[in-house]
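Here is a brisk tour of one model. Keep the sequence and the coordinates open while reading.

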Amino acid sequence: MTVPVVMATTLSPAAQLFDNGVLAWGLAACGLAQLSKLLIELVVHRRWRPAVLIETGGMPSSHSALVTGTAAGVGWQNGFNDPLFALAATVAFVVMYDASGIRRAAGFTAARVNALPDSIWSTPPEKPLKETLGHSRLEVLVGSLLGPAIALPGLAWVGSPLQLAQRLGDAIG
């Protein structure tokens, strides 16, 4: 069943945001990846630690899920030969490279700085540097597969939040 899409020019800016299925499903992929960290923490480490919901790093990379889900959605809607898909894919590659390269290296550096004795500092640090900044390649890979796996079915079967609301409104009355 196809839902007629209202022309974006007739919608208010707020309604246009709710009609952006690519954004919604990219964010949903990011949120579900972040939520899965809580489940992984519970199953693998056998502890309830809701703080993982707002932490960086860990399995899977929610940033990778966000950018690959969004890039796949842009390709799905506009065509995979569209320049906007090329831009989205390029941004996705930069984000994933940064997560598994530069941010990960910064985390390793922070761990080495934290291991230094307090006696070498004129004023000891108040708190240790954050060490879990980046991701392993596996964490990035899993996040990058999760993004399109969530975003593409969402776009194909549900559409945008506005389309979903219209369908629910039609069904209710």
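What covers the buried residues of H6? The cover includes H2, helix H3 (62-78) and helix H4 (83-100). This is a predicted model.

**Helix H6**

H6 runs over residues 137-157. Its buried residues are Glu139, Val140, Gly143, Ser144, Gly147, Ile150, Ala151, Gly154 and Leu155. Seen down the axis of H6, they fall within an arc of 145 degrees, so they line one face of the helix. The face turned away from that buried side carries the exposed residues Arg137, Leu138, Leu145 and Trp157. Just after H6 comes Gly159, with a positive phi of about 90 degrees.

**Helix H4**

H4 also has a buried side. The residues there are Phe85, Ala88, Ala89, Ala92, Met96 and Ala99. Viewed along the axis of H4, these fall within an arc of 100 degrees, so they line one face of the helix. They pack against H3, helix H5 (102-115) and H6. The face of H4 turned away from the buried side holds exposed Pro83, Leu87, Phe93, Val94 and Tyr97. At the start of H4, a side-chain oxygen of Asp82 comes to within 2.8 Å of the backbone nitrogen of Leu84.

The spans of the two helices are set out below.

| Helix | Number of residues | First to last C-alpha | Expected at 1.5 Å a residue |
|---|---|---|---|
| H6 | 21 residues | 31 Å | 30 Å |
| H4 | 18 residues | 26 Å | 26 Å |

For H6, the span is close to the expected value. For H4, the span is likewise close to what is expected.

**Nonpolar cores**

In soluble globular proteins, nonpolar side chains tend to be buried together. Which residues make up the largest nonpolar core? There are seven: Val22, Ala71, Val74, Phe85, Ala88, Ala89 and Leu155. H3 and H4 each supply at least two residues of this core. H4 gives the most, with three residues. Ala71 is in contact with Phe85, Ala88 and Ala89, leaving aside its neighbours within four places in sequence. A second, separate core has five residues, among them Val67, Ala92, Met96 and Val140.

**The aromatic pair**

A pair of aromatic rings is described by the distance of the centres and the angle of the planes. The structure holds one aromatic pair. The rings of Phe80 and Phe85 have centres 5.0 Å apart and planes at 80 degrees, so the pair is edge-to-face. Phe85 is also part of the largest nonpolar core.

**Gln34 in H2**

Now to a polar side chain. Is Gln34 buried or exposed? Gln34 is buried, because its relative accessible area is 10%, under the 20% cut-off. Gln34 is found in helix H2, which spans residues 21-44. Where does the side chain of Gln34 reach at 3.0 Å? The partner is the backbone oxygen of Val52. The side chain of Gln34 also reaches the backbone oxygen of Glu55, at 3.1 Å. Not counting residues up to four places away in sequence, Gln34 touches Val52, Leu53, Ile54, Glu55 and Ser62.

**In brief**

H6 has its buried residues on one face, and H2, H3 and H4 are among the elements that cover them. H4 has its buried residues on one face too, and H4 gives the most residues to the largest nonpolar core. In H2, buried Gln34 reaches the backbone oxygens of Val52 and Glu55.

Definitions and conventions. Residues are numbered from 1 along each chain as its sequence is written. This is a predicted model: local features need pLDDT of at least 70, side-chain atom pairs count only at pLDDT 80 or more; totals for chains, interfaces and linings use all residues. Side-chain values use heavy atoms; hydrogens and water are left out. Helices (H or I, at least four residues) and strands (E, at least two) are DSSP runs, numbered from the N terminus. Buried means under 20% relative accessible area, exposed over 50%, partly exposed in between (1.4 Å probe, protein chains only). A polar contact is a pair of N or O atoms within 3.5 Å; within protein, one must be able to donate a hydrogen and the other to accept it, and residues adjacent in sequence count only if both atoms are side-chain atoms. Contact means heavy atoms within 4.5 Å. The expected span of a helix is 1.5 Å times one less than its number of residues. The arc is that of the directions from the helix axis to the C-beta atoms. A nonpolar core is a set of buried Ala, Val, Leu, Ile, Met, Phe, Trp, Tyr and Cys residues joined through side-chain atoms within 4.5 Å. Rings of Phe, Tyr and Trp (its six-membered ring) pair if their centres lie within 6.5 Å; planes under 30 degrees apart count as stacked, over 60 as edge-to-face and the rest as tilted.
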